[in-house]
Amino acid sequence: MHLFNPAAFWFAVTIPIIILMYLLKPRYREISVSSTYLWEQALKDIEANSPWQRLKKNLLLFLQLLAALLLVLALSRPYFPVLGDIDSHVIVVLDCSASMMATDVLPSRFEAARRQAGQMIDDLGGRDEMTLIGMGERPVVLASRSRDRVQLQQALARARVTTERAALEPVLTLIASLVRDTGKASVIILSDGHTLPVENEVRLACPVELHRIGKKSDNVAITTLATRREGARVVTLARVDNFGNETVETGIELLADGHLLDVRPLRLGPREAKDVFWEDLPRQTVTIEARLTRPDILSLDNRAWAVVDRVEPRQALLVSSGNVFMERAMALVPGLQLFKTTPGNYDQEMKGYSLYVFDGWLPAQLPPGNILCLNPPRENILVPVLGMINGIERVSPAGEDPLLKYVDVDGWQLARAGRLACPAWGRPLLEYKGVPLVLVGEHGNRRVAVFGFDLHDTNIPLQTGFPILVNNLGAWLVPGVEEGMVLTGNGESVGLRSLPGTEEICLARPGQEEEKIRPPFPRTISLQEPGVYRITQVTGSQRIVSYLVRNAGNALESDVKPYKLPWKGMVGGREGEAGRKTNQELWMWLAWGALLILLVEWGVYRRGY
Amino acid sequence: MDKVFDQEFLAKLGRLTLQVRRIMAGRNSGERRSPHKGHAVEFADFRNYVGGDDFRHIDWNAYARTEKLFLKLFMEEQDLLLTIFLDLSQSMGWGEPAKERLARQLAGAFAYLALAGFDRVAVAACADRLQGYLPPVRGRPSLQQVWDFIAGLPLGGLTDLNTALKDFGRCAPGPGVALVVSDLLSPHGFQEGLKYLQYLKQDVILLQVLSPDELAPALHGHLRLVDSETGDAREITVTAGLLKAYRRRLEEFTRETRAFCYRRGMAFVQLGSNESFEDIILRTLPRAGVFR
């Protein structure tokens, strides 16, 4: 017999204590006294001053204890698996994470798991159903409650091993919702046990079995490859982990833009990690690759890539009669070079800036770059200004927005502000009683932010949140800061932000031909394959090249030693052969029993025992 | 009884006299002052001569001085009636040494003192009723009879001093001294019975005899206390707190009894059954004013 909710037994702590008191009831030694007259009076004195009295043998007490015991048992929801249920539902979870590429089980762990799943499909009974779920960072339902073996085999054949990490919790949540109604199911997880930790408590009302795949732990991986510029030098760090239980000797090769620069020998003890530094790489290096020379059971993490930062400052033009607050705040935005002019000196020919900041003035025709507009005039082509609001004592965020990250608006006060009408292209960022004070949005092919007030009429420049807000807006208004971003395998896609006026994007995936993408551009790029992704944005004659990197090596998936699942809620679970069982719960019988006992107790009470 | 009272001890007893708090009328001539004026040697008062008085009692010396006839009055010495109430309920047989042994010895000693002083002695055995009664006897030759009676009284029964003492009213021979020897562990109380004795013109001496285990019980652990009289059981766990409560209760009981006796003009002495009998007779009771 098993329990769905063994934690309920904490309630039973009181019962054994009471029983123990009965069990430990003292054996009284009989002695004769002349008279119990004085003793009776002494006992009365004590009992009158004590809030406790000794438990006495009492039929009611025993009945109440029995009822409480039955209720506690019912709360713990005991069940026992019933064999041979003709309508069983088998849920097979197939681990598709990177560690399943290990070849200690030939041809690979994933293929071995797939073979086991195929065998289970063949063994399905006539009325049995099977659900197939692929476990990566997000669960993928390959087949749902199907009795069709052909369909199930086809779905299984479609399953692909990925470079992702395995996340068990979403799978368990999905299974919990699948079995919530029926409860009659058994879960079989085909995995090497390497999954992300289950952070929230998930309990399944069905037995769960782990079929552990894999035998060895012989794997050496590059878990970190990082590089940065230090003045004229390019410094690179590689961290190599031996996840095996034996000492290994290997070599690490370093390639700069595809050319071999260095080879170093490495000797790593059991489960030892070492850091390797290179400090004088060529200054013009863009991409760096590190390779391990020794083959092991998981080759995916024997290579890693990194991209050297390319500092190319963006240019911004501040058109203002004088706004020292905004000048100072813009100067703090990293990678942004600020130029200044006055509205009188502004010329339509002033092109080539990534960002234009107009303060209290807007030109008749908007320039091609992104725009930050402060205190827009009544008549303008960007945003309608319907009037003025005076005496704004409190500014509030219009909603959750990443642009307001770390921005504290408490204490922000404005003497006056323009009454902005929210245009179709924008969304309010900050507001006062429903009236937008700061707007952001995409107008045409450019990003626009509007401050509906003059900073000199506010205390905002003196608040700590102001430079943070300008920094957030600067990063959003001047895209391209993701350049050289290194993803270490914790995401399968990355957002793509194109520069204003981009006509074409060329995407070169690792080991593939360059792919040309025309507008509308996709918002994300899939990064399934480890390696360097080159993104070229074509704007007229200008070509801006950015790089993204995806590495497969990480402590979770590279440690290929088979483990148990990191989940304590394997109720009734075991490792081994699959057995299709359903659960016969007993709580209802126990609850009825408790009710019956309580009725008897009531009857006994009525009779005056 | 004979073993208890050797000759030397009896000689010491002979020097003691029972202290009587009130002067009360006796039946026969004896060695105690009575409220009646009579012919003994102890001068009491003068009064005027009236016709019919015995002229042999005229104080002629006074007539010579005053030329008036005065009669000379003397205290008439009469005997005392000592009634010994001996509690012989089952509880008196408890303790080490048993309380009844000391109680019988005390009764015997008091009887000896009374008979040696030419007083009369009656003995009543108490339990829940008056169980036995020896009518008043007089003179030393009766001592053995009294002792035999005391020694032969059976032990047993419940304690109800109120009922037993009130039973005495049916056979009360007259005023005297009432000696009550009991452990006073009477669930129904004893005060009413003692008051009744006073109503019968008895000068009450109350001796409470308790065993050492009652005065300072050395009990511990889980016990089932069985009442030696009723057989009722009470399960207790003896703790320091309980022992303290018991001692407090005993002190309160003693204090209340002493206060009651003081208010009613009775003598009260609490005795331990392990105390030396000689000490009790020769020191404790004289110090308490029971003997002179």
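## Exercises on a predicted two-chain model

In helix α3 of chain A, Leu63(A), Leu70(A), Leu71(A), Leu73(A), Ala74(A) and Leu75(A) are buried. The model is predicted. The exercises below work through it piece by piece.

**Exercise 1. Check the length of helix α3 (residues 59–75) of chain A against the distance between its end C-alpha atoms.**

Solution.
- Step 1. The helix has 17 residues.
- Step 2. The expected span is 1.5 Å times one less than the number of residues.
- Step 3. For α3(A) that should give 24 Å.
- Step 4. The end C-alpha atoms of α3(A) are 24 Å apart, so the two values agree.
- Step 5. Look just past the helix: α3(A) is followed by Arg77(A), whose phi is positive, near 50°.

**Exercise 2. State how many helices and strands chain A has, and do likewise for chain B.**

Solution.
- Step 1. Chain A comes to ten helices and 34 strands.
- Step 2. Of its 609 residues, 38% count as buried.
- Step 3. In chain A, 69% of the contacts with a separation of 6 or more join residues 24 or more positions apart.
- Step 4. Chain B has nine helices and ten strands.
- Step 5. Of the 292 residues of chain B, 36% count as buried.
- Step 6. In chain B, residues 24 or more positions apart make up 77% of the contacts with a separation of 6 or more.

**Exercise 3. Describe the side of chain A that touches chain B, by element and by residue class.**

Solution.
- Step 1. Count the residues: chain A brings 20 and chain B brings 29.
- Step 2. Assign elements: β2 (29–33) and α2 (37–49) of chain A each supply at least two residues of the chain A side.
- Step 3. α2(A) gives the most, with nine residues.
- Step 4. Sort by class: the chain A side has ten nonpolar, five polar and five charged residues.
- Step 5. Turn to strand pairing across the chains. β2(A) pairs with strand β8 (residues 221–227) of chain B in the parallel sense, over five bridges.
- Step 6. Pick out one pair: Val33(A) stands opposite Asp227(B) in β8(B).

**Exercise 4. Find the edge strands of the open sheet β12-β11-β14-β15 of chain A.**

Solution.
- Step 1. The sheet has four strands in the order β12-β11-β14-β15, with antiparallel pairing.
- Step 2. β12 (259–268) and β15 (303–307) of chain A each have a single partner strand, so one side of each is left without a neighbour in the sheet.
- Step 3. Those two stand at the edges.
- Step 4. The twist averages 20° from one strand to the next.
- Step 5. Now the inner pair. Strands β11 (residues 248–256) and β14 (residues 287–292) of chain A run antiparallel and are joined by five bridges.
- Step 6. Leu254(A) stands opposite Ala290(A) in β14(A).

**Exercise 5. Name the members of the largest nonpolar core that touch the most other members.**

Solution.
- Step 1. This core has 79 residues.
- Step 2. Val92(A), Val93(A), Leu94(A), Leu132(A) and Val187(A) touch the most other members.
- Step 3. Follow one of them. Beyond its neighbours within four places in sequence, Val93(A) contacts Ile133(A), Met135(A), Val171(A), Val187(A), Ile189(A) and Leu190(A).
- Step 4. Another core lies apart from the largest one, with 71 residues, including Val146(B), Phe149(B), Leu184(B) and Ile236(B).

**Exercise 6. Decide whether the residues of strand β7 (residues 202–210) of chain B are mostly covered or exposed.**

Solution.
- Step 1. Nine of its nine residues are buried, so the strand is mostly covered.
- Step 2. Split by direction: Gln202(B), Val204(B), Leu206(B), Gln208(B) and Leu210(B) point one way.
- Step 3. Asp203(B), Ile205(B), Leu207(B) and Val209(B) point the other way.
- Step 4. Strand β6 (residues 176–182) of chain B runs parallel to β7(B), joined by seven bridges.
- Step 5. Ser182(B) has Gln208(B) as its bridge partner in β7(B).

**Exercise 7. Classify Gly426(A) and Arg264(B) as buried, partly exposed or exposed.**

Solution.
- Step 1. Buried needs 20 or more other C-beta atoms within 10 Å; exposed means 12 or fewer.
- Step 2. Gly426(A) has 21, so Gly426(A) is buried.
- Step 3. Gly426(A) sits in strand β23 (residues 426–432) of chain A. Leaving out residues up to four places away in sequence, Gly426(A) touches Leu439(A), Val440(A), Gly441(A) and Val448(A).
- Step 4. Arg264(B) has 15, so Arg264(B) is partly exposed.
- Step 5. Arg264(B) lies in helix α8 (residues 240–264) of chain B. The C-alpha atoms of Arg264(B) and Lys195(B) are separated by 8.0 Å, though the two are 69 residues apart along the chain.

Methods
Residues are numbered from 1 along each chain as its sequence is written. Chains are lettered from A and ligands numbered from 1 in the order in which they are written. This is a predicted model: local features need pLDDT of at least 70, side-chain atom pairs count only at pLDDT 80 or more; totals for chains, interfaces and linings use all residues. Two residues are in contact if their C-beta atoms, placed from the backbone, lie within 7 Å. Ala, Val, Leu, Ile, Met, Phe, Trp, Tyr, Cys and Pro count as nonpolar, Asp, Glu, Lys and Arg as charged, and the others, Gly among them, as polar. Two strands pair if DSSP finds at least two bridges between them. A nonpolar core is a set of buried Ala, Val, Leu, Ile, Met, Phe, Trp, Tyr and Cys residues joined through C-beta atoms within 7 Å. Axes are lines fitted to C-alpha atoms, for helices over the stretch in contact, and angles run from 0 to 180 degrees between N-to-C directions.
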